[in-house]
Amino acid sequence: MPVPAEEAVRIATEAAGGGDLVQIDIDHEDGSWQWEVELAADTVRHDVTVDATTGDVVEQEQDDEDEQDPIVDVTTPLAWQDALDLAVQEVPGAVSGWVLDSDDGVIAYEIDIEREDGGDVDVLVEVESSQVTVDD
């Protein structure tokens with residue numbers, strides 16, 4: 001992607017006027033790849049969509065939020081590219097999208113892979129342990 005995850009987070013944070021990253025994902029929508037960046041600032045949740053080719057902010061919304069999600073980081077302790085590499089080593093194929101999020105206190109990448117032999121599979125890569133789990 002011309003606009004990597006780190007740059008998308010920077011663009012979204014600037015557009016939102018600040019906040020901490022709690023979720024990021026990339027999907028192919030409306031004919032282009034788009035980063036969907038979710039930021040939290042106190043009790044305000046910012047959802048910013050960034051075009052992964054141009055870096056333009058496509059959409060921006062904000063809501064009041066009671067829930068406190070853990071802050072995530074696309075560079076440490078497990079960078080997004082390293083997580084993708086681990087997933088493709090486990091399940092060969094093409095990455096069709098991914099999400100960095102937390103669930104029950106565990107921060108993980110959920111990577112969508114289109115298998116070489118056909119079919120889609122979700123691969124979960126935990127950030128702290130680099131443990132890979134395939135969800136057929």
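This is a short tour of the structure above, with suggestions on what to select at each stop.

**Before you start**

The model is predicted, so local features are given only at pLDDT of at least 70 and side-chain atom pairs only at pLDDT 80 or more, while totals for chains, interfaces and linings use all residues. Residues are numbered from 1 along each chain as its sequence is written, and side-chain values use heavy atoms, with hydrogens and water left out.

**Stop 1: the whole chain**

Show the protein chain as a cartoon. You should find 2 helices and 8 strands; here helices (H or I, at least four residues) and strands (E, at least two) are DSSP runs, numbered from the N terminus. Follow the chain from the N terminus and the elements come in the order α-β-β-β-β-α-β-β-β-β. The C-alpha atoms fill a box of roughly 45 × 35 × 20 Å along the principal axes. The radius of gyration is 15 Å, which agrees with the value near 14 Å for a compact globule of 136 residues. That radius is taken over C-alpha atoms, and the globule rule is 2.2 Å times the number of residues to the power 0.38.

**Stop 2: the sheet**

Now select the strands. The 8 strands form an open, antiparallel sheet in the order β4-β3-β2-β1-β5-β6-β7-β8; two strands count as paired if DSSP finds at least two bridges between them. At the edges sit β4 (57–64) and β8 (132–135), each pairing on one side only. From one strand to the next, the twist averages 20°. Next, add α2, which packs on the sheet and touches β5, β6, β7 and β8; its direction makes about 50° with that of β6. Such angles run from 0 to 180 degrees between N-to-C directions, with axes as lines fitted to C-alpha atoms, for helices over the stretch in contact.

**Stop 3: walking across the strands**

Begin with β3 and β4, an antiparallel pair with 7 bridges; Thr49 stands opposite Glu59 in β4. Step over to β2 and β3, which are antiparallel and joined by 8 bridges. Select Trp35 here to see it opposite Val50 in β3. β2 and β3 form a hairpin with 2 residues between them, and Asp42 in the turn has a positive phi of about 55°.

Continue to β1 and β2, where 9 bridges join the antiparallel strands. Two places to click are Gln23, whose bridge partner in β2 is Glu38, and Asp27, which stands opposite Gln34 in β2. This pair is a hairpin too, with 2 residues between the strands and a positive phi of about 55° at Asp30 in the turn. On to β1 and β5: they run antiparallel with 3 bridges, and Asp25 stands opposite Val99 in β5.

Before leaving, colour β2 by burial. With 7 of its 10 residues buried, β2 is largely enclosed by the rest of the structure. Buried means under 20% relative accessible area, exposed over 50% and partly exposed in between (1.4 Å probe, protein chains only).

**Stop 4: the aromatic cluster**

Select Trp35, Trp80, Trp98 and Tyr109, which ring pairs link into a cluster. Rings of Phe, Tyr and Trp (its six-membered ring) pair if their centres lie within 6.5 Å; planes under 30 degrees apart count as stacked, over 60 as edge-to-face and the rest as tilted. The structure holds 4 aromatic pairs. Zoom in on Trp35 and Trp98, an edge-to-face pair at 5.4 Å centre to centre with 75° between the planes. This pair links distant parts of the chain, with Trp35 in strand β2 and Trp98 in strand β5, 63 residues apart. Both residues are buried.

**Stop 5: the nonpolar core**

Which members of the largest nonpolar core touch the most other members? Ile24, Trp35, Trp98, Tyr109 and Ile111 do, out of 33 residues. A nonpolar core is a set of buried Ala, Val, Leu, Ile, Met, Phe, Trp, Tyr and Cys residues joined through side-chain atoms within 4.5 Å. The largest share, 6 residues, comes from α1.

Finish on Ile24. Leaving aside neighbours within four places in sequence, its contacts (heavy atoms within 4.5 Å) include Ala5, Val9, Trp35, Val74 and Trp98.
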